[in-house]
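Q: I have a model open and would like to learn how to read it. Can we go through it feature by feature?

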Amino acid sequence: MLIGLLVGSSACAPSCGRAADRLASRGFERVVPALHKEHSSGTRDLILLCHRTPEKVAMGQFKLDNLPDGRVDLLARCASAAIFLSHGVRRNTRLWLTLQDQGVALCLDGGAARGMHPDERTLAAALKRTLAVEHGAMRRTDTDNGWTFHQGGLDVRLRELLPPGRMRPLIQLHEEGETTLQEAVQLASDGAAGKDASDSDPVGVVLVIGDQLGYTAEEEALLAHQGGRRARCSPKGLLTSHCIVLAHHALDQEEARVQP
């Protein structure tokens, strides 16, 4: 079994829901973008592979008072782990929630994130609004919040994020990884150091994470074909949201090591 997503959240009470809706509409006033120097390491693209996602979730037809239904709570939890810092957001990070069975993906771009708090309900509400607009609802100002809808699964994402001629490191988090996450990040950094120093668009890293079902044989083949390096976070199976935090930690540490 690969990286695990475990059951955990409970539904919010109606009063909690109304408060969260008000927070979602006002936005996270205290959040300030991280300093622009963060971009010196390039964009971090985190691809979360989601399997057996119900069609109603892809259509945005889920209840905010019952986020565990369809495991929307886990999607929101991973979004929070991917984007938020303490009173800040990671402007150089994009999270791709790739719903493999539905052939679509939802992207949360930290550089465009607006009007959100790091709690699960507020993030799920923003995701729901984005999906509603995609399926015919009227566009509102609060749908310009950093979430975007995209067609295609992992194969499409890899073609977009790993175009020929642009050598971006690809790391696949895997419980049976041949190397540790820290070692994989350092190897990726050393490889990127060989780029033309005059290139003003740093390559960044593409990191793929499986859900509790791991990876299909087709997904494994796609990642291997693209030269993905399998890396392990821990000798134990961890929550996917925790793996995201550990991945950011490893990348932050490497960034601090190579920057003056």
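Q: Which residues of H4 are buried?
A: Burial is judged by relative accessible area, with under 20% counted as buried. In this predicted model, the buried residues of H4 are Arg121, Thr122, Leu123, Ala124, Ala125, Ala126, Leu127, Arg129, Thr130, Leu131 and Val133. Because 11 of the 15 residues of H4 are buried, the helix is largely enclosed by the rest of the structure.

Q: What span does H4 have from its first C-alpha to its last?
A: The span is compared with the one expected at 1.5 Å a residue. H4 covers residues 120-134 and reaches 21 Å, close to the expected 21 Å. At the start of H4, a side-chain oxygen of Asp119 comes to within 3.3 Å of the backbone nitrogen of Arg121.

Q: What is the strand order of the open sheet?
A: Order is read across the sheet, from one edge to the other. Here eight strands run E7-E6-E5-E2-E10-E8-E11-E9, with mixed pairing. Strands E7 (147-151) and E9 (179-180) are the edges, each pairing on one side only.

Q: Do E5 and E6 run parallel or antiparallel, and how many bridges join them?
A: They run antiparallel, with six bridges between E5 (residues 93-99) and E6 (residues 104-109). Leu99 stands opposite Val104 in E6.

Q: Which helices pack on the sheet?
A: A packed helix is described by the strands it touches and by its direction relative to one of them. Helix H3 (residues 72-83) touches E2, E5, E6 and E7, and its direction makes about 160 degrees with that of E5. Helix H8 (residues 240-258) also packs on the sheet, touching E2, E5, E8 (170-173) and E10 (205-209). The direction of H8 makes about 160 degrees with that of E2.

Q: In what sense does E2 pair with E5 and with E10?
A: E2 pairs in the parallel sense with E5, over seven bridges, and also in the parallel sense with E10, over five. Leu46 stands opposite Leu95 in E5, and Asp45 opposite Val206 in E10.

Q: Which residues lie on each face of E2?
A: Arg44, Leu46, Leu48 and Cys50 are on one side, with Asp45, Ile47 and Leu49 on the other. Both faces are covered, and seven of the seven residues of E2 are buried.

Q: Is Ser189 buried or exposed?
A: With a relative accessible area of 18%, set against the 20% cut-off, Ser189 is buried. Ser189 lies in helix H6 (residues 181-192). Beyond its neighbours within four places in sequence, Ser189 is in contact with Glu254, Arg257 and Val258.

How values were computed
Residues are numbered from 1 along each chain as its sequence is written. This is a predicted model: local features need pLDDT of at least 70, side-chain atom pairs count only at pLDDT 80 or more; totals for chains, interfaces and linings use all residues. Side-chain values use heavy atoms; hydrogens and water are left out. Helices (H or I, at least four residues) and strands (E, at least two) are DSSP runs, numbered from the N terminus. The expected span of a helix is 1.5 Å times one less than its number of residues. Buried means under 20% relative accessible area, exposed over 50%, partly exposed in between (1.4 Å probe, protein chains only). A polar contact is a pair of N or O atoms within 3.5 Å; within protein, one must be able to donate a hydrogen and the other to accept it, and residues adjacent in sequence count only if both atoms are side-chain atoms. Contact means heavy atoms within 4.5 Å. Two strands pair if DSSP finds at least two bridges between them. Axes are lines fitted to C-alpha atoms, for helices over the stretch in contact, and angles run from 0 to 180 degrees between N-to-C directions.
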